[in-house]
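Hello,

Here is the structure we spoke about. Please look it over before reading on.

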Amino acid sequence: MTRIVIIGGGPGGYEAALVAAQLGARVTVVEQDGPGGACVLTDCVPSKTMIATSVRKQALLDASMLGVHYTGGPDGDVGGVIADMPLVNRRVKDLAQAQSADIAARLSAEGVEIVRAPGRLVDPRTVTAGDRTIEADVVIVATGATPRVLPGAEPDGERILNWRQLYDLEELPEHLIVVGSGVTGAEFAGAYRSLGSEVTLVSSRDRMMPNEDADAAEVLEEVYRRRGMNVMGRSRAESVKRTAGGVVVTLEDGRTAEGSHCLMTVGMVPNTGGIGLEEAGVALDRGGFIQVDKVSRTSASGVYAAGDCTGVLMLASVAAMQGRIAVWHALGEAVQPLRLATVSSTIFTDPEIAAVGIAQKAIEAGEIEANVVKLPLATNARAKMQGFNDGFVKLFCRPHTGIILGGVVVAPRASELILAVSVAVQQRLTVDQLAHTFAVYPSLSGSITEAARRLMQPMTPSGI
């Protein structure tokens, strides 16, 4: 029986463990924080739980557009809709623990051993876990990553925070300054604005989310500004200091921004130091990320890696797939190398932004030829009924064959709507095939099939 030891119990680790157990391997997961790792306990699950609360509150605030009014609330809060932050944070933490417990139960049911201890490689076939030494035929490293600390802006857990410290706050920040306008910064900035905080978003670039679809970022920034958020572009933070009653953020150009709290969202660093990787012959890149190939192999024979510690794409879905691929390859199963072109992603803002496949900037740069159509959400009948005015559906296809290359959806529950486009990209469907697929009327998904119809090529006389 093949012995597999996995260091790290996040999506890359526990999904690998489940596949390995189902294929008959003897599996041990070494995880010091708990099943699910940081993704479940401090990052993805808690943040999306809190964001779900903020979206529900925003829906109540926007309900007047549909003829629903709330009255009798305390002064200073629109319609009396308030966020009980102790209750919100307690629910966030409880849900994270419950999800971790569910993962533990699933692993246990499959016969996977869980060791609650820090793990370290002694060599490519030996792992220490606390005071235990475990021999392995295959090792998978899935140790994740940690919020990056900006020198001069070190979190103190009270006023200067990283996102793992937010859920210990006893009150809603009066004025939250978010440093960093990438995905994490955009998500938390929008959530806290909807929950009732005054929010200032400090972006070092021309616009929010510079690495995402420009049209999507423009829509979201317009929504944020309309909701009262102060978005400061071209404003790189130099330092963050506590004051008597809050914080002051000093920018490189000398300007300052003052608030009650500051949230630092300036990237991630891999958890690869001090766990024996280099001694075991596992190569790291200049950023400390583990170098892997398309089937998750590292430079050390028999050692694989998955998830954020590889820096490939910091998404839970990618981590999980890397872990599964590692197991399939290690156990000699049929396996397809990781295809980043088919990865779908979502930014859990309000509205959500989801994308898959090629990006429009690649088309504009001449890297790939594609036809593009963009349909505003405001023309969709279901969107009108629900009062959704912001967003769009965008679809890309090859000019002659009509093969769908990707798409972008900006809408409520875009994370669900993108699946249809993901299937089309994965299966190399054409716009004709998607256009001839029934969509419910009225539905937001109807805009996806409508976009496909707009991209259909007219029949030529010779093709009749």
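Below are notes on the domains, then on the annotated sites.

This is a predicted model, where local features need pLDDT of at least 70, side-chain atom pairs count only at pLDDT 80 or more, and totals for chains, interfaces and linings use all residues. Residues are numbered from 1 along each chain as its sequence is written, and side-chain values use heavy atoms, with hydrogens and water left out.

Domains first. The assignment gives domain 1 (3-145 + 269-339), domain 2 (160-266) and domain 3 (351-456). Such bounds come from an automatic or database domain assignment.

Now domain 1 against domain 3. Their C-alpha centres lie 30 Å apart. Each side gives 4 residues to the contact (heavy atoms within 4.5 Å). The buried area is about 270 Å², with 41% from carbon and sulfur atoms. Buried area here is the accessible area (1.4 Å probe) that two parts lose on being put together, summed over both. On the domain 1 side, M65, L66 and R339 supply 92% of the area buried against domain 3. There are 0 salt bridges between the two domains (a side-chain nitrogen of Lys or Arg within 4 Å of a carboxyl oxygen of Asp or Glu).

Next, the sites. Both come from "binding site" annotations in an unreviewed UniProt entry. UniProt positions are in the numbering used here, feature names are shortened, and annotations may be inferred rather than shown by experiment.

One annotation covers K48, G119 and D308. They span 261 residues in sequence, and the farthest two C-alpha atoms are 28.4 Å apart, so they do not all gather at one spot.

The other covers G180, S181, G182, V183, T184, G185, A186, E187 and G267. These span 88 residues in sequence, yet no two of their C-alpha atoms are more than 13.6 Å apart, so they gather at one spot.

Best wishes
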